[in-house]
Amino acid sequence: MSSNKAVVCLWYESDAASAASFYAETFPNSSVGKVHASPNDNPSAKEGEPLTVDFTVLGIPCLGLNGGPHFKQSEAFSFQVLTEDQEETDRYWNAIVGNGGQESMCGWCKDKWGVSWQITPRFLSEAATDSDKGRAKRVFEAMMQMKKIDIATLKAAADAAPAEA
């Protein structure tokens, strides 16, 4: 278990170790730690079966709990991954969606375990909060039309001449 005071606990039906391995293979500064067996029979695992797994995603300490089918992931929790360029954006998006995940809107996708990810180019994060409100609005409106974020399209929107009033 991490020595951090705060650890993100993610509920999986039964394969937290598989999810942790995927994250470790996909993202830098990610790893799988110990897998802990259930000390006794309980509603989600039999004695000796994997109950929890310690892992790290992008430096964030996590605990995966094989809790059974009682609770599902939702978009109320997501990992936001800031990317530096289109290649990195495409790599993470394609890894998640291509491994049984699904696309959503505005740079959001879900992995096959139901965990939500925001694959967010740093340009989007900065431009959408620009002090030039017209520029920020154009970038935001362009983003709202996208699933996977296309940085070139966002930059074109950011640099477009303001519409005549």
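# Exercises on a predicted model

Residues 24 or more positions apart account for 55% of the contacts in the protein chain with a separation of 6 or more. The model is predicted.

**Exercise 1. Describe the overall make-up of the protein chain: its elements, its box and its buried share.**

Step 1. Count the elements. The protein chain has five helices and eight strands.

Step 2. Put them in order. From the N terminus the run is β-α-β-β-β-β-α-β-β-β-α-α-α.

Step 3. Take the extent along the principal axes. The C-alpha atoms fill a box of roughly 70 × 30 × 25 Å.

Step 4. Add the burial. Of the 165 residues, 38% are buried.

**Exercise 2. Work out the strand order of the four-strand open sheet, and find which strands stand at the edges.**

Step 1. Read the order: β1-β4-β3-β2, with mixed pairing.

Step 2. Look for strands with a single partner. These are β1 (8-12) and β2 (31-37), so each has one side without a neighbour in the sheet.

Step 3. Check the twist. Neighbouring strands are turned by 20 degrees against each other on average, direction ignored.

Step 4. Take one pair in detail. β1 and β4 (residues 60-66) run parallel and share five bridges. L10 has G64 in β4 as its bridge partner.

Step 5. Place the helix. α1 (residues 16-26) packs on this sheet and touches β1, β2, β3 (50-57) and β4. The direction of α1 makes about 15 degrees with that of β3.

**Exercise 3. Explain why C62 and C106 form no disulfide.**

Step 1. Search the whole structure. The result is zero disulfides.

Step 2. Recall the chemistry. A disulfide is a covalent bond between the sulfur atoms of two cysteines.

Step 3. Set the cut-off: the two sulfur atoms must lie within 2.5 Å.

Step 4. Test C62. The closest cysteine sulfur is in C9, 9.1 Å away, too far for a bond. C62 is buried, at 3% relative accessibility.

Step 5. Test C106. The closest cysteine sulfur is in C109, 12 Å away, again too far for a bond. C106 also counts as buried, at 17%.

**Exercise 4. Is S38 buried or exposed, and what does S38 touch?**

Step 1. Locate S38: the loop between β2 and β3.

Step 2. Apply the cut-off. Buried means under 20% relative accessible area. S38 has 3%, so S38 is buried.

Step 3. Find the polar partner. The side chains of S38 and N42 make a polar contact at 2.8 Å.

Step 4. List the contacts, leaving out residues up to four places away in sequence. S38 touches A45, K46, E47, G48, E49 and L51.

**Exercise 5. Identify the residues that touch the most other members of the largest nonpolar core, and the elements that supply the core.**

Step 1. Start with the members. The core holds 22 residues, and Y12, Y23, F55, W117 and I119 touch the most others.

Step 2. Name the suppliers of two or more residues: β1, α1, β3, β5 (78-83), α2 (86-98) and β8 (116-121). α1 gives the most, with five residues.

Step 3. Follow I119. Among the residues that I119 touches are V81, Y92, W93, I96 and I149.

Step 4. Separate the other core. It has eleven residues, including L124, M146, L154 and A157.

**Exercise 6. Which residues of β5 lie on its covered face, and which on its uncovered one?**

Step 1. Use the rule. In a regular strand the side chains alternate between the two faces of the sheet.

Step 2. Assign the faces. F79, V81 and T83 form the covered face of β5; S78, Q80 and L82 form the uncovered one.

Step 3. Find the partner strand. Six bridges join β5 to β8 in parallel. S78 has S116 in β8 as its bridge partner.

Notes. Residues numbered from 1 in each chain as written. Predicted model: local features only at pLDDT ≥ 70, side-chain atom pairs only at ≥ 80, totals over all residues. Heavy atoms only, no water. Pairing = 2+ DSSP bridges. Axes fitted to C-alpha atoms, helices over the stretch in contact; angles between N-to-C directions. Contact = heavy atoms within 4.5 Å. Buried < 20%, exposed > 50% of the residue type's maximum accessible area, 1.4 Å probe, protein only. Polar contact = N/O pair within 3.5 Å; in protein donor to acceptor, adjacent residues only side chain to side chain. Core = buried A, V, L, I, M, F, W, Y, C linked by side-chain atoms within 4.5 Å.
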